[in-house]
Amino acid sequence: MRRIIHSYRIVMRMILIRTAALAVVVTLAASTLAACADAETDAVAVATTTPLGSVLSDIATCAGGRSSTLMGPGDDPHTFSASSAEVAGMAEAGLVFANGLGLEEGLSSALAGAAADGATVVEIAPLVDPIGFAEDPHGDEGEHADESGEDPHFWLDVARMARAAEVMGGVLADETGDDAYRACGETVRDALLETDAEVREILAAVPDARRVLVTDHHSFGYFALAYDFRVAGVVIPGGSTDAEPSSAELAALVEVIRETGTPAIFSNTAAASSLVDAVAAEAGTDVTVVPLYVGSVGPEGSGAETYSGMMVTNATLIADALG
Ligand SMILES: [Zn+2]
């Protein structure tokens, strides 16, 4: 009996210790949350997409400031929509870097709302010499000749993202009055130009005849132009991820894949589509589906968690698939 009582006391003591530990954990979690909330408030600017957010974070960190990013790894910028707290966060930061040219289809009213609440919303794509969908190197298929307007997917050309870094640094310096942001924009630009050279070096392994891309949606126009590839076809028609191909379009694409003899179709980690797998299966057993980081950086540990890492990873995956 005595022994049982003794054990009971130990159990009670353990429960008390655990309760105390839990209280400490809860307190820590609450203060961490408070710190995060402060960080959001302290953010010098908010970026909408993860590629822009990664570059903005490098500039802000270099200048001793903080930034935040609306989307998370794996979010598709075409379909992402913000919570009301996130919309309030954008207005609070006062400066928002958006991709623009219609990329953030689910955010248009949120961005308009942030601007109406006094935030400066800077769309980056129109500032880095955008190309039209029709100007993209499609080869002779003319598949998207009917598409009009400018292509928002500028970040898939690293040299254009380097220019974006310089633009963001300049805007930050003007908005804050702190010239460190301008210098840091230039530092990050130079680092990205090194990444661009690294991407070119990796892609040099792909022979001319195999520089053919078939992708999930029409997003590789800038990449093709910058790195000398040809976009032979896309699974989802148009410049967004939310369209539906007709069966005739899919059959035509399967024919293009067979004719070009391309060994891979590149899918999108931010917008998985079973249609991509279906097209690959239809085209032949030797056609593999290779997921690329198209709309978003990758999760922690993927090697693609930063914008630079994302582009080097993409280049490596493309070179491995086509080289
Ligand atoms: Zn896209």
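Two strands count as paired when DSSP finds at least two bridges between them. Keep that in mind for the first stop, and remember throughout that you are looking at a predicted model.

**Stop 1: the sheet**

Select residues 45-47, which form strand β1, and add β2: the two pair in the parallel sense over 3 bridges. For a spot to zoom in on, try A45, which stands opposite S67 in β2.

Now bring in the rest of the sheet. It is open, has 4 strands in the order β2-β1-β3-β4, and its pairing is parallel. Which strands sit at the edges? Those are β2 (67-69) and β4 (120-123), each pairing on one side only. Look along the sheet and you can follow the turn from strand to strand: neighbours are rotated by 20° against each other on average, direction ignored.

**Stop 2: two helices lying across the sheet**

Color residues 50-62 next. This is helix α2, and it lies across β1, β2 and β3 (95-98). Line α2 up with β2 and you'll find it running at about 170° to that strand.

Then pick residues 158-176, helix α5, which lies across β1, β3 and β4. Its direction is about 165° to β3.

**Stop 3: the zinc ion**

Show the zinc ion along with the side chains of H78, H153 and H217. In each of these protein donors the atom to look at is NE2, lying 2.0 Å from the ion. Along the chain, the donors follow the spacing H-x74-H-x63-H. Take H78 and H153 as a pair: they link distant parts of the chain, 75 residues apart. H78 belongs to the loop between β2 and α3 (84-93), while H153 belongs to the loop between β4 and α5.

Are H78 and H153 buried or exposed? With a relative accessible area of 4%, H78 is buried because the cut-off is under 20%. H153 is buried too, at 1%.

**Stop 4: two backbone oddities**

Most residues other than glycine have a negative phi. With that in mind, center on L101, a non-glycine whose phi is positive, at about 55°. You'll find L101 in the loop between β3 and α4 (108-116). Its relative accessibility is 24%, so L101 counts as partly exposed.

Jump from there to D228, in the loop between α7 (221-227) and β6 (230-236). D228 also has a positive phi, about 65°, without being a glycine. This residue is exposed, with a relative accessible area of 55%.

**Stop 5: a helix pair**

Select residues 180-203 for helix α6 and 307-322 for helix α10. How do their axes run? They come within 9 Å and cross at roughly 10°. Angles under 35 degrees count as roughly parallel, so α6 and α10 are roughly parallel to each other.

Turn on side chains for the contact. From α6, show L192, T195, E198, V199, I202 and L203; they meet Y307, S308, M311, V312, A315, T316, I318 and A319 in α10. Color the contact residues by type and you get 10 nonpolar, 3 polar and 1 charged.

**Last stop: zoom out**

Show the whole protein chain as a cartoon: the secondary structure comes to 10 helices and 8 strands. Switch to coloring by burial, and 47% of the 323 residues count as buried. Finally, think about contacts between residues at least 6 apart in sequence: 68% of these join residues at least 24 apart.

Technical notes:
Residues numbered from 1 in each chain as written. Predicted model: local features only at pLDDT ≥ 70, side-chain atom pairs only at ≥ 80, totals over all residues. Heavy atoms only, no water. Axes fitted to C-alpha atoms, helices over the stretch in contact; angles between N-to-C directions. Contact = heavy atoms within 4.5 Å. Donors = N, O, S within 2.8 Å, 3.2 Å for Na, K, Ca; no water. Buried < 20%, exposed > 50% of the residue type's maximum accessible area, 1.4 Å probe, protein only. Parallel < 35°, antiparallel > 145°, perpendicular 65-115°, else oblique. Nonpolar A, V, L, I, M, F, W, Y, C, P; charged D, E, K, R; others polar.
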